[in-house]
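Visitor: Got a minute to walk me through this one? I'd like to ask a few things as we look.

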Amino acid sequence: MPRLEQFVVVFSQNYLPLCRVNIKRAIVLLITNKAEPLLGSTEGGWRVHSPSLIVDVPKYIRLKIAAIERTWKVPPVNRREVMRRDHHSCQYCGSNKRLTLDHVIPRSRGGSHTWDNVVAACERCNSRKGDRTPVEVGMQLRTKPKPPIHPAVAFGFSETWRESATEFWIDVQANLE
């Protein structure tokens, strides 16, 4: 992968993973003194040359600027958020046409309007399921419905980031010993 298309993991002042930025953005943060390399992260980075400057860019940087860390709440159960969580596809057949919301356990049978009970479903599957449970109709959910997770945590679930973060914390622990 070309050097300028690489990514750098950004941590907050409290060492919480915030995001990944491209190497160009990382250079700007480092040069403007808004970020610093994380201790022990200088190895395995990249050396970037310009006509007048050479910058060593580490794989992990920590923001120096104070930012109020916003609290995150689980969003309300609504059409937009359910469609986002389910990637705009029917949770029974995978279609992305004519989507509706479906209560896995129908409300008439005591099902609630919560993240654990609402899924995206195409009109055809929703109509076929009707006022019954998926088991009664012989339908199976593609994924188990659950509330969305904090964006920083979701960011951590990407395979590339998980490898980078794990590698970083192993290096930090090795340096402490």
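Visitor: Is Ile54 buried or exposed?
Guide: Ile54 sits in strand S5 (residues 54-57), a strand being a DSSP run of E with at least two residues, a helix a run of H or I with at least four, both numbered from the N terminus. The cut-offs are under 20% relative accessible area for buried, over 50% for exposed and partly exposed in between, with a 1.4 Å probe and protein chains only. Because its relative accessibility is 51%, Ile54 counts as exposed.

Guide: A word on the source: this is a predicted model, with local features needing pLDDT of at least 70, side-chain atom pairs counting only at pLDDT 80 or more, and totals for chains, interfaces and linings using all residues. Residues are numbered from 1 along each chain as its sequence is written, and side-chain values use heavy atoms, leaving out hydrogens and water.

Visitor: Which strands stand at the edges of the sheet?
Guide: Four strands form an open, mixed sheet in the order S2-S1-S6-S3; two strands pair if DSSP finds at least two bridges between them. Each edge strand has a single partner, so one side of it is left without a neighbour in the sheet: these are S2 (17-22) and S3 (35-37).

Visitor: Which element gives the most to the largest nonpolar core?
Guide: A nonpolar core is a set of buried Ala, Val, Leu, Ile, Met, Phe, Trp, Tyr and Cys residues joined through side-chain atoms within 4.5 Å. The largest one has 15 residues, Val8 and Ile61 being among those with the most contacts inside it. S1, H1, S4, S5 and S6 each supply at least two. The top contributor, with five residues, is H1.
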